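Student: I am new to this structure and would like a close look at a single part, the open sheet. Which strands form it, and in what order?

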Amino acid sequence: MAELNTGDGGGKKGGKVRSKKGNSRVDLTAMVDLAFLLITFFMLTTSLNKPQSMDLGMPEKDPKNPPPPVLVDERRTMTIILGENDKLKNYMGLIESPIEAPKSISYGKEGIRKDILSRVKSVPEVTGDPKRGLIVIIKPGKKSTYRNLVDILDEMAICKVPTYAIVDITPAEIALLDKE
């Protein structure tokens, strides 16, 4: 039992004999129980911050059986190349014969987002099938930052791009980044 004793301990003062007073005692058991009940209540009722993350499905690599190449209509394909110092280039089609020439563009609402949104609307019109939407290929360079990749993935979610992939950059695209 927890208790708090207060008192002077009795004794003589000035030679006079006084009657002995009982020590005052405060029982703290109820307060300790209440404190633990409150701690338990708040621990059980509060929610912890949940990490916010985007689901990213990555294929398994089997060195014995490499997957066959995927053939995609080049009119549906947009490639975004991420370089160092927040450099960003994009083009439509294949690098050897692009439908739209590679161009430098900025991040954000008036840059890459505006371009992606226009392609999300125009690609189904070009293919004639609303189910066949835009495919974005994201190619981060060796010197690009993680932040740039996350920004582009956020743009994919904002623009509701149905299909996108993160792919290794090719030597031709590295040369394209180094041109400017």
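Tutor: What follows describes the sheet and the helix that lies across it. The model is predicted: local features need pLDDT of at least 70, side-chain atom pairs count only at pLDDT 80 or more, and totals for chains, interfaces and linings use all residues. Residues are numbered from 1 along each chain as its sequence is written, and side-chain values use heavy atoms, with hydrogens and water left out.

The chain has four helices and seven strands; helices (H or I, at least four residues) and strands (E, at least two) are DSSP runs, numbered from the N terminus. Along the sequence they follow the pattern β-β-α-β-β-β-α-β-α-β-α.

Five of the strands make up the open sheet, in the order E5-E4-E3-E6-E7, with mixed pairing. Two strands pair if DSSP finds at least two bridges between them. At the edges are strand E5 (98-104) and strand E7 (163-166), each pairing on one side only. From one strand to the next, the twist averages 15 degrees; axes here are lines fitted to C-alpha atoms, for helices over the stretch in contact, and angles run from 0 to 180 degrees between N-to-C directions.

Within the sheet, strand E3 (residues 77-82) pairs with strand E6 (residues 135-140) in the parallel sense, over six bridges. Leu 82 has Pro 140 in E6 as its bridge partner.

Helix H3 (residues 146-159) lies across E3, strand E4 (88-93), E6 and E7. Its direction is about 175 degrees to E6.

Note on methods:
Contact means heavy atoms within 4.5 Å.
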